[in-house]
Amino acid sequence: MRDYHVAVIPGDGIGQEVTAEGVRVLDEVGKLTGAYKMRYDYFPWGCEYYLKTGRMMADDGLKILKEFDIIYFGAVGFPSVPDHISLRGLRLPICQGFEQYVCQRPSYLLPGIKSPLADKKPGDIDFVVVRENTEGEYSGAGGRAHRGLPIEVAVETSVFTRTGVERIIRYAYQLAQSRRKKLVNATKSNAQQHSLTFWDEIFVEVGQEFPEAQTERVLIDALSARFVLRPESLDVVVGSNLFGDILTDLGGAICGSLGLAASGNINPERAYPSMFEPVHGSAPDIFGKGIANPIAMIWCGAMMLEFLGEKQSADLILRAIKAVTGEGTALTPDLGGSAKTPEVTDAIIAQGRGLAK
Ligand code: IPM
Ligand code: MG
């Protein structure tokens with residue numbers, strides 16, 4: 001039995017509600033497969049911590065986290081703290097400080113879930129967005145001057161480095177290689193004539209290493225339309241930080257709910273811990289009502305297990321999720337049901353038990 005030391009950061013809003021559910025599933029599946037045991041340390045970082053201490057996380061937070069095998073993260077952000085402070089105080093320092101340069105986000109239309117797109121069957125939508133996660137539009141480079149004056153100016157510079165672009169694109173090719181071998185380069189090099197022409201060139205260069213890949217270069221605006229019109233045509237999509245951000249909300253939406261969308265912030269070299277978190281964020285509007293959909297967080301647990309090499313346990317979680325959505329009796333209101341958060345988890349655990357027999 002393998003033993004993993006997990007840093008759990010429930011964070012803000014519904015992050016706190018769904019994290020507990022994800023942990024329940026991880027523990028149960030560990031028992032069912034007998035493959036692993038998790039040891040958790042909880043960190044109360046987030047907006048409440050900020051209001052008490054003036055910091056989003058401990059000063060030596062990265063030093064503390066570095067010792068863990070993996071990080072399981074709920075959500076960050078609450079109306080009590082400006083978003084740019086909460087984000088730049090917790091999630092971004094972890095992603096950037098730990099070189100989690102891959103943000104991997106699957107979009108899969110689950111059984112029993114209705115896509116807002118017409119006539120889509122389970123599995124018709126099945127692609128992964130690989131989002132650059134440490135630089136690009138999120139680099140933080142820039143500034144503001146002459147505040148309040150008519151000549152006030154704000155500059156926010158996208159940063160694209162050869163190392164940064166090569167490594168994300170190579171990862172995306174490798175992922176495509178393990179799937180249907182189709183890779184779309186999300187770009188906008190017609191307008192972004194310096195940074196994204198550079199990106200496109202690197203896409204072609206790295207592609208020499210993957211002669212079997214079928215590639216396409218698609219402008220981000222046309223690609224957004226294609227996500228709606230022909231999502232079946234997508235397998236792996238690689239894009240910059242901001243493009244990936246936008247595309248993955250779209251990906252979540254066409255698969256029926258953001259409450260289903262999972263995400264991993266990955267350091268493929270494993271020099272630092274990777275971090276798994278749902279796409280949905282803290283959802284202050286539904287926080288405290290017990291109706292948050294735990295499936296995205298539970299799916300993140302499956303991604304985390306797969307990353308740790310626990311494929312059998314990861315598959316068991318996914319099969320249990322599919323069984324529950326397929327059955328359609330334990331669904332939260334975002335999916336048209338009336339189940340409470342823990343009831344969905346209970347159903348997934350019950351299915352997991354049945355499937356593990
Ligand atoms: C996401 C979120 C974040 C992002 C927000 C909370 C800043 O939208 O993880 O996609 O833009 O990266
Ligand atoms: Mg987003």
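## Ligand 1 and the enclosed spaces

The residues of the shell around ligand 1 fall into 4 charged and 2 nonpolar, with no polar ones among them. The model described here is a predicted one, and a reader new to this structure may begin with that shell before turning to the cavities. The residues around ligand 1 are L87, R91, R105, R131, Y138 and D245.

Which polar side-chain atoms lie 2.8 Å from an oxygen atom of ligand 1? One belongs to R131, which places a polar side-chain atom 2.8 Å from an oxygen atom of the ligand, and another belongs to D245, where the distance from a polar side-chain atom to an oxygen atom of ligand 1 is likewise given as 2.8 Å. For R91, a polar side-chain atom lies 3.2 Å from an oxygen atom of ligand 1. Ligand 1 would expose 320 Å² if it were taken alone, and the protein buries 72% of that area.

From the ligand we can pass to the empty space enclosed by the protein. Rolling a probe the size of a water molecule over the atoms shows where such space is left. The structure holds 2 cavities of 30 Å³ or more, and the largest cavity contains about 50 Å³ of space.

The lining of this largest cavity is made up of P106, S107, Y108, G251, G252, C255, L260, A261, A262 and W299. Two elements, β4 (102-108) and α8 (241-254), each supply at least two residues of that lining, and β4 gives the largest share, with 3 residues. By character, the lining of the largest cavity divides into 7 nonpolar residues and 3 polar ones, while no charged residue takes part.

The second largest cavity has about 40 Å³ of space, and the residues that line it are V25, E28, V29, L32, L316, I317, A320, I348, I349 and G352. Which elements give two or more residues to this lining? They are the helices α1 (14-33), α10 (311-327) and α11 (341-356). Among the contributors to the second largest cavity, α1 provides the largest share, 4 residues. The lining of the second largest cavity is composed of 8 nonpolar residues, 1 polar residue and 1 charged residue.

Seen together, the three sites can be read by the character of their residues: the shell around ligand 1 has 4 charged residues, the lining of the largest cavity has no charged residue, and the lining of the second largest cavity has 1.

Notes:
Residues are numbered from 1 along each chain as its sequence is written. Chains are lettered from A and ligands numbered from 1 in the order in which they are written. This is a predicted model: local features need pLDDT of at least 70, side-chain atom pairs count only at pLDDT 80 or more; totals for chains, interfaces and linings use all residues. Side-chain values use heavy atoms; hydrogens and water are left out. On a 1 Å grid over the protein atoms alone, a cavity is a set of points where a 1.4 Å probe fits but cannot get out, and a pocket is an open set with protein on both sides within 12 Å along at least five of seven lines; lining residues have an atom within 4 Å of a point. Grid points are joined across faces, edges and corners, and a volume is the space filled by probe spheres set on the points. Ala, Val, Leu, Ile, Met, Phe, Trp, Tyr, Cys and Pro count as nonpolar, Asp, Glu, Lys and Arg as charged, and the others, Gly among them, as polar. A residue is near a molecule or strand if one of its heavy atoms lies within 4 Å of it. A polar contact is a pair of N or O atoms within 3.5 Å; within protein, one must be able to donate a hydrogen and the other to accept it, and residues adjacent in sequence count only if both atoms are side-chain atoms. Accessible areas come from the Shrake-Rupley method with a 1.4 Å probe; for residues, only the protein chains shown count as cover.
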